[in-house]
Amino acid sequence: MTPPQKQKIAKAGKSATLPLTFNRRQVYILPTSYGLLFLLILFAMLLGSINYNNNLGFLLVFLLGSISLISMIHTYRNLLGIKILSVSAEPVFAGKTVLFMLAVRAESGHRRAIGFMMEKEHPALENIDVKTDETVSVNCPTRSRGIFRAGRITAWTRYPLGLFRAWTVISPDVSYVVYPKPIAGPMGFGVSPGGDEFDGIPVQQGADDFSGLKQYQPGDPVGRISWKSLSRGLGVFTKEFSGAGGISVMLDYDAVRDADREHKLSRLTDMVLKAHNMNAEYGLMLPGRTIAPGKGERHKHTCLKALAIFGLNES
Amino acid sequence: MNEPYKTIFPILTALIVAIFPHIGNLPVWIILWCVVMWGYLPLSFKFKWPRPGIKIRRLLTAIGIIGLLFTYSRRLDQNAYLGLLAVMAALKPFEIASHRDRMITVFLAYFIVITSLFLAETLAITLYMLLSVGITTAVLIRINDPAGRFKDNFKLAALIMAQAIPLMILLFLLFPRIEGSLFGLSLTNTGKSGFSDTLAPGSVTNLVKNDDVAFRVLFERSIPPAPLLYWRGIVFQDFDGRKWHVDKQTRQWHAPPEGKNPVSYTITLEPHNNRWLFALDMPATIPRSAIFYKDYTLRTRRSIKRKMRYSMISNTRYHPAGENGWTLRKSIRLPEGVNPKTRALAARITKNARTVDEKVGRILDYFRTGGFSYTLKPPRLGANSVDDFIFQSKKGYCEHYASAFAFMLRSIGIPARIVGGYQGGEVNPYADYLIVRQSDAHVWVEIWYPKTGWNRVDPTAAVAPERISKGIRGTLSPDDLPGFFGRRYLGALSGVIEQIRFGWDAINTRWSALFEGYSYSKQRALLEKIGITSGGLAVSLKALLLLLVVIGMIVGAYAWFALKSPCRKPDKVKKYYARFCKKLSRAGLARKAAQGPIDYMNHVLKNRPDLKDEVTEITELYVRLRYRGQTSRSVLSDFIQKVRVFKPARKESKD
């Protein structure tokens, strides 16, 4: 596992505050390789027209030349005036791809075929309708855990003729959390603080009492979706259980039998997820930080975030 | 929509539209090749047939190139280049999986469109090319915006073209032109019909069957009367017993003969693949790029393969200067032994005549009274063609009469030669210019008079005077006339067709004068008009500079409008709503920071029920404009108007 990249966290370039609008100072434009090839073709045809003194040839060469010149304005304009309202990213586990959701809007005119990207890749081209909030997503691969500032997002377009490429680079003031990569294993803790040795979380049979259904929310464990009510067409509901046996576990960093810190964190991550899925009450003990037992999405995030930033300089 | 409809079919359409006008210049196998490839592709999508993979595509490319080598190995010209483009364009649609391939295929379509510079520069072709560029541009937009609608693609292509056309016109007018050719390459055109450098019985008759335009003439003043419209082109000097030949040794001459009654005109000559230029008898000036010869004919340096325009002055009355003895001796030379009966006849009928004039008159009288007739369908003649004509068939066309006449004159020692060209022409009623067709082809005779020099004598005028006064169409029976089916079978409708033909010809001629005629010299004249005069390279540089400045200004103006306006429009709504709020706040009803327009309206209505109508209306319009996306111009102007006239009284009476 690669060591966390501290420098990436520390690196704080000029960042833009949102919302921001692409203006003339930020939008650049250059011919694409196709544009240069087109220019070469036109030049060859111009030489032909001069040689044969052919007015139709001149006319066509000049028409195509003018068209490409005009297309430059259209390309530039396609990007200008687009507003980025917000940028957000859901936390992901290391090694997965973080998805930035950009809320964008164009106050005037439809915008066609605009790509948003972070790395060199081929993004899907987006169309932005006039005066409508659109959401576009940008992918970025992650390698290690931590809290990172969103990198530079490039918005670009070649519309309409593909002869020119206009682009602008934004570095939104947005950070995202990358949890440690979960590594599956037994729910073993080695020697617990009390000195007793046990494997797994003691789950008391029958303690998981079904208490009712609640409206499904993104993030609820799939295993708890009430398929029965879904198949009846009632909607998506999640089964709720009371108590989860009433047990409460402390997931202890020092109790994980592993030499490598990153590996330990990964194991703890896995345990947090398992405990969450079992609807158990769990707490987290890290050197220097203890999170009291609890449950729910917010609690899970608190624990995972603590694991993500453990041992790193929090800025 | 699936892939083929999104990009492949539009690209195919662009290629087909681009290649269509070239069909005539492509060999049959390439046309079939294109039809097969372009036909297979859509069918393969419909019936799920396999599409060729990379290996088969390579094989097909190799076959195509071998085919091209076989077809064009003898002559590598623009048709070979076109053939190569067509063969490539036929295969390319099979590999357009990536954006790069698609872009290159569309460029190929543009390439084929520009290749039309090898075609004629007619108005129809020019309009077709504009259409073709429009379609190709729409397809280019399509592949850069695959999610868009075709209609929008076409609309944008039309908009871009409309914005580009002013720039195009500027570039066309101001881009520095050069004289002559850049690399010395010229087009190889299979020349159209026209005179050749020999004249045999039947050669003019063949031409007359052709209704193609030979040239068009625009006179500066009125069109001269028909009997003066002799268009001189070639002089046939040597007779070999059957054919008349152009004298290859004719020397260049410095100046045309003197004359009177000058006529100024401009000729637009269709390409005929030979060097001669036609001019009204007798040329008084030598056009640029032409050489004047001792036999009073004009020729260009290279054969004429493109439409050519030249302005001239001719003298309808002329008195050529003296001729050297060598030329005169050549002009009475005849081969030994041919046409003995004609020689005897000529000697007999001119026996008692003393002057040249008298002798000429006697021979013409013989033609007039000897039972000769004028026809396009003369019988075949034997080895002694003149004897056969005069004593047996007595039927002939202008070349028979001219040949017999010149032969007889030479046999009695009068220098004579045959001049070939055209006689007459049709006046286009819509534009007052003359259309001279191949069917107006004519030959006549020039005789050397000791006192007045070379003079035109037309034996055809003696036999069929209406040929000269009424032209070919008034002379021959409809069955003999060349031309389209309609003249014979459509009766009254043919008149309408004729009118349409004249109208279209008039439009085309005007176009060709404006467009094709624009050249180095016209550009100089234009630049002079706008004040750029100093000679040589400086003019070109100044023109280029001017061009850059003007284009920079236009593009700048476009950009300014295009990039400014999007920020402006919504502001108007905002601005006028702010004005509305300000008016209300002056009346004591200020809008709070967090108050939405509806809340604000309710607040105002509670305090000032008297303003109900206006405030409700304005707020409703504002909400429509701002939040419901109804941005139509009428709603906006309505809103602005209402805000303008809104004048809330300061306070209500009861308050």
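Between which two helices of chain B does the loop that holds B:S331 lie? The loop runs between α9 (325–330) and α10 (340–349) of chain B. The model is predicted. This briefing covers salt bridges, a charged surface patch and a few buried positions. Over all chains, the structure holds 24 salt bridges.

**Salt bridge between the chains**

- A:R112 and B:D145 meet through their side chains in a salt bridge, with an N to O distance of 2.8 Å.
- This pair crosses between chains: A:R112 sits in strand β6 (residues 111–117) of chain A, and B:D145 sits in the loop between α6 (123–144) and α7 (150–174) of chain B.
- A:R112 has a relative accessible area of 16% and is therefore buried, since the cut-off for buried is under 20%.
- B:D145 also counts as buried, at 2% relative accessibility.
- In general, side chains of opposite charge can pair when their charged atoms come close.

**Salt bridges within a chain**

- In chain B, a salt bridge joins B:E270 and B:R216, whose closest N and O atoms are 3.1 Å apart.
- B:E270 belongs to the loop between β5 (258–269) and β6 (276–277) of chain B, and B:R216 to strand β2 (residues 213–219) of chain B, so this pair ties together parts that are 54 residues apart in sequence.
- Both B:E270 and B:R216 are buried.
- In chain A, the side chains of A:R261 and A:E262 meet in a salt bridge at 3.5 Å, N to O.
- Of this pair, A:E262 is buried with a relative accessible area of 10%, whereas A:R261 is partly exposed with a relative accessible area of 32%.
- A network of salt bridges links B:R57, B:K92, B:E95, B:R100 and B:D101.

**Positive patch on chain B**

- A patch of positive charge on the surface gathers B:K572, B:K575, B:R579, B:K582, B:R586, B:R633 and B:R644.
- Two elements of chain B, α20 (537–586) and α23 (633–645), give two or more residues to the positive patch.
- Helix α20(B) supplies the largest share of the patch, five residues.
- One of the patch residues, B:R579, lies in helix α20 of chain B.
- B:R579 has a relative accessible area of 34% and is partly exposed; this passes the patch requirement of over 30%.

**Buried positions**

- B:S331 counts as buried because its relative accessibility is 0%, which falls under 20%.
- A polar atom of the B:S331 side chain lies 2.9 Å from the backbone oxygen of B:T327.
- A:L60 is part of helix α3 (residues 55–79) of chain A and counts as buried, at 2% relative accessibility.
- A:L60 and A:L42 are separated by 18 residues in sequence, and their C-alpha atoms are 9.2 Å apart in space.
- B:Y401 has its place in helix α13 (residues 398–411) of chain B and counts as buried at 0% relative accessibility.
- From the C-alpha of B:Y401 to that of B:D458 is 8.7 Å, although their positions lie 57 residues apart along the chain when counted as a separation.

Terms used: Residues numbered from 1 in each chain as written. Chains lettered and ligands numbered in written order. Predicted model: local features only at pLDDT ≥ 70, side-chain atom pairs only at ≥ 80, totals over all residues. Heavy atoms only, no water. Patch = residues over 30% accessible without salt bridge, like charges linked within 9 Å, V, L, I, M, F, W, Y side chains within 5 Å. Areas by Shrake-Rupley, 256 points an atom, 1.4 Å probe, with all protein chains shown as cover. Salt bridge = Lys/Arg side-chain N within 4 Å of Asp/Glu carboxyl O. Lys, Arg positive; Asp, Glu negative; His and termini not counted. Charge placed at Lys NZ, Arg CZ, Asp CG, Glu CD. Helix = DSSP H or I, 4+ residues; strand = E, 2+ residues; numbered from the N terminus. Buried < 20%, exposed > 50% of the residue type's maximum accessible area, 1.4 Å probe, protein only. Polar contact = N/O pair within 3.5 Å; in protein donor to acceptor, adjacent residues only side chain to side chain.
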